[in-house]
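Me: I should like to work through this structure by question and answer, with each reply ending on the item requested.

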Amino acid sequence: MERKLHPTPAGYNHTIAGRTVLASPVCDFDMVVFGGTGDLALRKLLPALYYRHAEGQLPDAGRIIGVARQQIDRAGYLQMVEQACRTHIAPEDFDDHQWQGFARRFQYVHLDAGEAESYRPLVDCFEGVPEHRTRVFYLATSPLLFGVICHNLHGVGLVNAMARVVLEKPLGHDLASSCEINDRVGEVFEEYQVYRIDHYLGKETVQNLLVLRFGNAMFEPLWRSGLIDHVQITVAEQVGVEGRGDYYDRAGALRDMVQNHLLQLLCLVAMEPPTSLTPDAVRDEKLKVLRALRPLAGESVVTHTVRGQYRAGAINGQPVPGYLEEPGIAPARGTETFVALKLFIDNWRWGGVPFYLRTGKRLQSRTSEIVLNFKPVPHSIFQEGSGGLADNRLVLRLQPEEGVKLDMMAKAPGPGMQLKPVHLNLDFAQTFQGRLPGAYERLLIDVIVGRPTLFMRRDELEAAWAWVEPIMAAWTARSDSPKSYNAGTWGPTSSIALVERDGFTWHEEG
Ligand code: NAP
């Protein structure tokens, strides 16, 4: 198909591919949610938009158009959305009057995304809509449909300079399939119009990481090899496959979590200071980190990676089945539900500093955190018996309670010189009164106003796949299975050994 070139859109204020474009407040928009009846839309996207509506951030003329094959009318769709909002919005935040206003934004179109001729009713929704109005196509569907949806949107004339497309993960299952999706999407949309979402980047603490690092003079000089001993990134889930066994069994934890969320977090921790927060400035720096990752392949995969799979156990005292007993899982499948990795970033700042990453399902607690462990003091002036010195540690908690904690040493009150580890604790919910907006709320607004800083650029995504692929290949080539771990623990014992071999322990607060 002939590549479609769009004129520079009005209404942005970034330099994108060498073009300077303007910023806008939340402007009038049409958001078309493909997969509007699905779990992602009903559980995350539409409740997030409700919150933005209720907080007065959406312009009156902003429309939301749900799209799916199910043949229901607008009233039927609204019933579905209302039920979802009542379920997924805190009762104290759901207000009938606000709901009435929110509901007025909705339209529903049933079409089959794969059949161009069924797009007519969607085209009708845009009859008379001015070309300068922002239009967002959110693809909350299988990635197998991404290419055909983009081509069909283009074929019926709905893609203009103000159009943006949001792509949900998984963007492929390896580098080749990811490139194929990006190529197909890229035949219709310019790169600046493509928003590859990783909702981890919308979390308050993740953005706070940027402020902590680059808004405070005191941290940046410490943020390097020589002062930092090692870094840990943990994204632990208590849930199992949550009815998505069919997808998960083909993906596994490396593709589902490491390739995107954990590597993105790693990039934000490890990148050099960008010159500004413009999209390309930040994404250029993230890309450099991905390109500096020391490859894990062949023998180093054996020594530097651990993969596990949960068996039956208990979470919060309740028995839960093992992975192979979950619905939708193929018998005797070797899918990993846990990954731990040791990696190095081969650049001046991080030379020799090990980074340990781990993620898994059915772990002891739902915890996401980044832990920077500082080196010990070079010389202790305190006598033996004074309690010993624990190394400083900076913990950035992403969930459950977002916050920042600094572990340091203090003198215990009283006679003598007894040392005691203490914590400086910043709890965001307590410090900044009120509800912390969810990640999707932030990111959906970013899409509407055209702020792609927190979305992945194509080269980043492909660099991440290129790094992960040899690990997948080495695992596939080996005949052994993932190590078993009991649900409700912190993963296989070999994960503990991975860090203990280097004289460390995982930071676990449960
Ligand atoms: P889902 O519950 O199965 O929903 C799929 C949606 O797509 C439904 O609305 C479905 O409606 C619609 N659909 C399917 N085929 C269609 C077609 N040919 N034409 C038009 N609409 C079609 O899936 P989901 O959990 O929402 O996930 C959607 C995508 O997001 C998946 O790729 C998933 O991996 C990804 N994702 C999901 C989550 C999550 O929390 N759920 C998180 C991150 C990423 P009809 O069947 O009526 O057409």
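**Arginines and aspartates around helix H12**

Reply: To begin with one residue of this predicted model, arginine 451 has 32% relative accessibility and therefore counts as partly exposed.

Me: With which residue does arginine 451 form a salt bridge, and how far apart are the closest N and O atoms?

Reply: The cut-off for a salt bridge is a side-chain nitrogen of Lys or Arg within 4 Å of a carboxyl oxygen of Asp or Glu. Arginine 451 meets this with aspartate 446, the closest N and O atoms being separated by 2.7 Å.

Me: Which other arginine forms a salt bridge with aspartate 446, and at what N to O distance?

Reply: Helix H12 holds both arginine 442 and aspartate 446, placed four residues apart, or about one turn of the helix. An α-helix has 3.6 residues a turn, so residues three or four places apart point the same way. The salt bridge to aspartate 446 comes from the side chain of arginine 442, at an N to O distance of 3.1 Å.

Me: Is aspartate 446 buried or exposed, and what is its relative accessible area?

Reply: Buried means under 20% relative accessible area, and partly exposed lies between that and 50%. Arginine 442, at 30%, is therefore partly exposed. Aspartate 446 is buried, because its relative accessible area is 1%.

Me: Why is helix H12 described as largely enclosed by the rest of the structure?

Reply: Helix H12 spans residues 439–449. Its buried residues include Leu443, Leu444, Ile445 and Val447, and their cover includes strands E3, E6, E7 and E8 together with H1. The helix is largely enclosed because the number of buried residues, out of eleven, is ten.

Me: Which residue just after H12 takes a positive phi, and of about what value?

Reply: H12 ends at residue 449. The residue just after H12 is glycine 450, and its positive phi is about 80°.

**A salt bridge across the sequence**

Me: How many residues apart in sequence are the parts that arginine 457 and aspartate 280 tie together?

Reply: The whole structure contains 36 salt bridges. In one of them, arginine 457 pairs with aspartate 280, with the closest N and O atoms 2.9 Å apart. Arginine 457 belongs to the loop between H12 and helix H13, whereas aspartate 280 belongs to helix H9, so the parts tied together are separated in sequence by 177 residues.

Me: Which residues are linked with Asp280 and Arg457 in a network of salt bridges?

Reply: Arginine 457 and aspartate 280 are both buried. The network of salt bridges that contains Asp280 and Arg457 also links Arg283, Asp284 and Asp459.

**The ligand and its shell**

Me: What percentage of the area exposed by the ligand taken alone does the protein bury?

Reply: Polar contacts to oxygen atoms of the ligand come from the backbone of glycine 38 at 3.0 Å, the backbone of leucine 40 at 2.8 Å and the side chain of arginine 244 at 2.9 Å. Taken alone, the ligand exposes 880 Å², and the share of this buried by the protein is 78%.

Me: Which helix gives the most residues to the shell around the ligand?

Reply: The ligand is surrounded by 22 residues, the closest being Thr37, Asp39, Leu40, Arg69 and Ala113. By class, eight of the shell residues are nonpolar, seven polar and seven charged. With three residues, the helix that gives the most to this shell is H1.

**Packing elsewhere**

Me: Against which helices do the buried residues of H7 pack?

Reply: The buried residues in H7 are Thr205, Val206, Gln207, Leu209, Leu210, Leu212 and Arg213. They pack against strands E15, E16 and E17, and against the helices H8, H11 and H12.

Me: What C-alpha separation is found between leucine 372 and valine 269?

Reply: Leucine 372 is in strand E15 and is buried, with a relative accessible area of 0%. Beyond its neighbours within four places in sequence, its contacts include Trp223, Ile228, Val269 and Leu396. Leucine 372 and valine 269 are 103 residues apart along the chain, with a C-alpha separation of 9.3 Å.

Me: Which residues is alanine 61 in contact with, leaving aside its neighbours within four places in sequence?

Reply: Alanine 61 lies in the loop between H1 and strand E4. At 31% relative accessibility, this alanine counts as partly exposed. With those neighbours left aside, alanine 61 is in contact with Asp28, Phe29 and Arg133.

Definitions and conventions
Residues numbered from 1 in each chain as written. Predicted model: local features only at pLDDT ≥ 70, side-chain atom pairs only at ≥ 80, totals over all residues. Heavy atoms only, no water. Near = heavy atom within 4 Å. Polar contact = N/O pair within 3.5 Å; in protein donor to acceptor, adjacent residues only side chain to side chain. Areas by Shrake-Rupley, 256 points an atom, 1.4 Å probe, with all protein chains shown as cover. Helix = DSSP H or I, 4+ residues; strand = E, 2+ residues; numbered from the N terminus. Nonpolar A, V, L, I, M, F, W, Y, C, P; charged D, E, K, R; others polar. Buried < 20%, exposed > 50% of the residue type's maximum accessible area, 1.4 Å probe, protein only. Contact = heavy atoms within 4.5 Å.
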